[in-house]
Amino acid sequence: MYVNRSAGRTTGRLGAAVVACAALLSAVGCSTDSGVGAQPGADAPDAAASAAAAAKASGGSSNGKGEAAQARPAPALPEPAVLAQARAHISDGQKVGVGLPISVTFPEPVPTAERKAVESWLRVQTSSGTTGAWSWVKDRNLLDGQRVDFRPSTTYWQSGTRVTLRLGSHGVRHFTVGRSLVATVDTDTHMMTVRTDGKSKSIPITAGAPGTDTWKGTMVVMDKQSSVLMDSQTVGLGKIYRDIYNWALHLTTSGTYVHENKRANTEAGRRNVTHGCVGLADDGTAKRFYDQVIVGDVIKVTGSDKATVAPGNGYGDWNLTWKEWLKHSEAGTTTTA
């Protein structure tokens, strides 16, 4: 259970929660350490947004160098005033893993009648012409209507894709999708298979013990910290543990991490002994994996007896089928060419 971070304090717009491995925690944070997490943009438009100002009225975008991209027709619906308060979790110029959806939040719930217009003005353009859709996600720490995410219709982004997000007329974010890394944790075999751009390797792990099982399903690395203080008392488990855990990769708002765990030195590859997190040995295994991973990389858990992680518990968007995803979209499928 997370209490605070020992270095690189973060503030996150997904908020705090009490859960299996963490108490009050920053779900998606701006950190003093560059690249530590998916970072919310500033309230004011950034430099790239200013460069795009001339293009926005006609639906154009900026390529990040102050040059207008090919213009697209402006949405037919009037721009909702609420977009002036929209917050995107990705910072301009960031490189992310293939699993990171675009997520935008609002300080107050967006009325149902305004949501189609919001989706229409939250415009996404990609170098690969990705087909995708916005969908309203019930965040674990927010009210319905305060969070809307965009994801491709296919499984994950295509590596190398350059993405431009325009927050109506109130700012622009540009980011790039990096190499593909998908790690599959099998709680039955106590192994994690890491597939990076087609190459695979296996790492012994220990996951949640019976009764404190690890969430099942697809999760996305939300942020990463070299050390995190975890305290079992914050989840009603008494004084079982209170310690610093190193090389921590944050997977859910409810507190699931992949991190170094001394018990993994003897139990990894043999049995599950944690309180819900995925433990890696402290012989360099945990640090090597930590150094390899970037925000947006995918961690899939199979074999667990626990329920599938909810879409709003971190970035569990991929646990919905495309048909299920579209049920919560007002504007529907869009092509981002």
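**Exercise 1. Place Arg147 in the structure and decide whether Arg147 is buried or exposed.**

Arg147 is found in strand β9, which covers residues 147–152; strands (E, at least two residues) and helices (H or I, at least four) are DSSP runs, numbered from the N terminus. This is a predicted model, in which local features need pLDDT of at least 70 and side-chain atom pairs count only at pLDDT 80 or more, while totals for chains, interfaces and linings use all residues. Residues are numbered from 1 along each chain as its sequence is written, and side-chain values use heavy atoms, with hydrogens and water left out. The relative accessible area of Arg147 is 0%, so Arg147 is buried, given that buried means under 20%, exposed over 50% and partly exposed in between (1.4 Å probe, protein chains only).

**Exercise 2. Find which side chains Arg147 meets in salt bridges, and where the partner Asp317 lies.**

A salt bridge is a side-chain nitrogen of Lys or Arg within 4 Å of a carboxyl oxygen of Asp or Glu. One such pair is Arg147 with Asp149, at 2.7 Å from N to O, and Asp149 is itself buried, with a relative accessible area of 0%. Another is Arg147 with Asp317, whose closest N and O atoms are 3.6 Å apart. This second pair links distant parts of the chain, 170 residues apart, since Asp317 lies in the loop between β20 (298–302) and α5 (322–326) and Arg147 in strand β9. Asp317 also counts as buried, at 0% relative accessibility.

**Exercise 3. Describe the salt bridge of Arg271, and then state which residues are joined into one network.**

Arg271 forms a salt bridge with Glu267, the closest N and O atoms being 2.8 Å apart. Arg271 is partly exposed, with a relative accessible area of 41%, whereas Glu267 is buried, at 8%. Salt bridges that share partners join Asp139, Arg147, Asp149 and Asp317 into one network. A search of the whole structure finds 8 salt bridges.

**Exercise 4. Explain why the buried residues of helix α4 line one face of the helix.**

Start with the residues themselves: in helix α4, which covers residues 285–292, Thr285, Ala286, Phe289 and Tyr290 are buried. Seen down the axis of α4, these buried residues fall within an arc of 130 degrees, and therefore they line one face of the helix; the arc is that of the directions from the helix axis to the C-beta atoms.
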